[in-house]
Amino acid sequence: MYAPVGISVFNRELHFRTCIDAIKRCDLASGTDLFIFSDGALLAKDQKKVSAIRSFAKTISGFKSVSVIEREGNSRVFNNRDGHRMLLNAYGRMIWLEDDIEVAPGFLRYMNDALEVYEECLDVFSVSAYCPPIDQSNELLEKDAFFSNRFNAWGFGIWKDRYEMISKIQTKDLQQVDLCRLDQLGCDVPAKVIREVIGTLNALDVRAMFWQTVHDKYTLYPSLSLSRNHGFDGSGAHSSNVSKFDIENLWGKRDNFTFDSNIMLNQNLVNQMKDVRQIKFVSYVKIRLLWVYLKYIAPRLSFMKKKEGL
């Protein structure tokens with residue numbers, strides 16, 4: 001049985017149609033259960049767009065089954081997380097996309113094969129369909145996939161037991177990881193973790209990256225990207241126009257993917273992936289100062305206040 005595919009969508013019909021058209025071309029589509037999680041309208045002006053998406057979703061064919069889950073209210077977080085729980089409780093594994101992700105024809109084969117191969121290998125946390133635009137040298141192309149220590153949500157597969165490792169990041173949790181380890185994922189990660197801790201961000205990928213690091217787990221990446229994200233065109237609620245993640249051509253490989261039983265990082269590739277996520281130096285310094293405060297000073301101040309209250 002193939003892993004179910006969940007797709008979350010709000011009000012971007014063109015993106016959604018592109019996503020569906022792409023996944024319908026995948027070789028295993030006809031044997032795959034597809035679930036569409038349609039978020040409700042946020043404003044009155046959204047209702048027409050949401051209705052159009054739901055009407056289109058009910059016409060989708062080419063899969064083993066198509067289920068459309070229509071939310072009454074609007075909550076990106078609930079729409080996604082409830083969808084995750086629903087699929088994982090029913091199937092034990094899942095493949096997840098958002099409406100702005102376009103995939104290659106080999107996407108479903110690669111994801112299902114990898115989920116099967118590494119199910120019992122608890123060092124592997126997740127499977128990514130996306131590979132950033134890094135140097136496509138012979139070193140990379142010798143194999144179909146490689147391991148990174150960074151989770152990626154632009155088309156991902158995961159098992160229920162790994163997903164259950166993900167939870168809200170609290171201030172006390174910062175004691176479990178060194179800043180330099182998060183830095184290895186990319187200079188953008190500590191800032192996102194801090195935003196999670198102080199409550200200004202609620203993002204599954206950030207939580208996954210944090211707990212994946214704490215538990216020393218890995219994500220499998222394809223040597224060439226099997227997905228691309230169209231959400232950096234300014235149409236999304238949480239993204240702006242950015243081109244550094246663009247993938248010009250998706251990988252054309254469709255089957256016979258091979259996977260390595262030796263679970264280890266290729267540091268050269270990890271460093272290249274980190275370089276894609278560079279931030280400004282001033283921001284880099286500010287993040288470190290805030291990290292020191294949250295990890296070392298804030299807990300001490302809290303302890304002193306409690307002691308004074310005794």
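## R93 and its salt bridge

Let's start with R93, which is buried because its relative accessible area is 10%, below the 20% cut-off for that label. Keep in mind that this is a predicted model. The side chain of R93 meets that of E116 in a salt bridge, with 3.2 Å from N to O. These two sit in distant parts of the chain: R93 belongs to strand β4 and E116 to helix α4, with their positions 23 residues apart in sequence. E116 is a different story from a buried residue: it is exposed, with a relative accessible area of 52%.

## Strand β4 and its neighbours

R93 brings us to strand β4, which covers residues 93-98. Is this strand mostly covered or mostly open? It is mostly covered, as five of its six residues are buried.

β4 has partners that run in opposite senses. With strand β1 (residues 5-9), β4 pairs in the parallel sense over four bridges. Here you can look for G6 opposite W96, and for I7 opposite L97. With strand β8 (residues 156-159), β4 pairs in the antiparallel sense, again over four bridges. On that side, M94 stands opposite I158. If you're new to this, strands of a sheet pair through backbone hydrogen bonds, either parallel or antiparallel.

## The whole sheet

Now zoom out. Which strands make up the open sheet, and in what order? Eight strands do, in the order β3-β2-β1-β4-β8-β6-β9-β7, and the pairing is mixed. β3 (65-70) and β7 (145-148) stand at the edges with a single partner strand each, so one side of each has no neighbour in the sheet. From one strand to the next, the twist averages 25°.

Helices lie across this sheet too. Helix α4 (residues 107-117) lies across β1, β4, β6, β8 and β9, and runs at about 145° to β4. Helix α9 lies across β6, β7, β8 and β9, at about 140° to β6.

## A closer look at R207

Helix α9 spans residues 204-214, and R207 is found in it. R207 counts as buried because its relative accessibility is 11%. Which residues does R207 touch, leaving out those up to four places away in sequence? They are R81, I166, S167, K168, I169, E196 and N202. With N202 there is also a polar contact of 3.1 Å between the side chains.

## More salt bridges

How many salt bridges are there in the count? The count comes to 19. One of them joins E70 and R54, whose closest N and O atoms are 4.0 Å apart. E70 lies in strand β3 and R54 in helix α2 (residues 47-57), so the pair ties together parts that are 16 residues apart in sequence. E70 is partly exposed, at 37% relative accessibility, while R54 is buried, with a relative accessible area of 12%.

Another salt bridge is formed by R150 and D188, with 2.9 Å between the closest N and O atoms. This pair links two loops: R150 is in the one between β7 and β8, and D188 is in the one between α7 (179-183) and α8 (189-198), 38 residues away in sequence. Both R150 and D188 are buried. There's a network of salt bridges as well, and it links R12, D99 and D100.

## Two unusual backbone angles

Most residues other than glycine have a negative phi. Even so, D216 has a positive phi, near 55°. D216 is in the loop between α9 and β9 (218-222), and at 46% relative accessibility it counts as partly exposed.

N256 also has a positive phi near 55°. You'll find N256 in the loop between β10 (227-229) and α10 (267-275). Is N256 buried or exposed? N256 is exposed, with a relative accessible area of 62%.

## The chain as a whole

Finally, the overall numbers. The protein chain has eleven helices and ten strands. It has 310 residues, and 51% of them count as buried. Its accessible surface comes to about 14,800 Å², with 51% of that belonging to carbon and sulfur atoms.

What about contacts along the chain? Among contacts with a separation of 6 or more, 82% are between residues 24 or more positions apart.

Terms used: Residues numbered from 1 in each chain as written. Predicted model: local features only at pLDDT ≥ 70, side-chain atom pairs only at ≥ 80, totals over all residues. Heavy atoms only, no water. Buried < 20%, exposed > 50% of the residue type's maximum accessible area, 1.4 Å probe, protein only. Pairing = 2+ DSSP bridges. Polar contact = N/O pair within 3.5 Å; in protein donor to acceptor, adjacent residues only side chain to side chain. Contact = heavy atoms within 4.5 Å. Areas by Shrake-Rupley, 256 points an atom, 1.4 Å probe, with all protein chains shown as cover. Axes fitted to C-alpha atoms, helices over the stretch in contact; angles between N-to-C directions.
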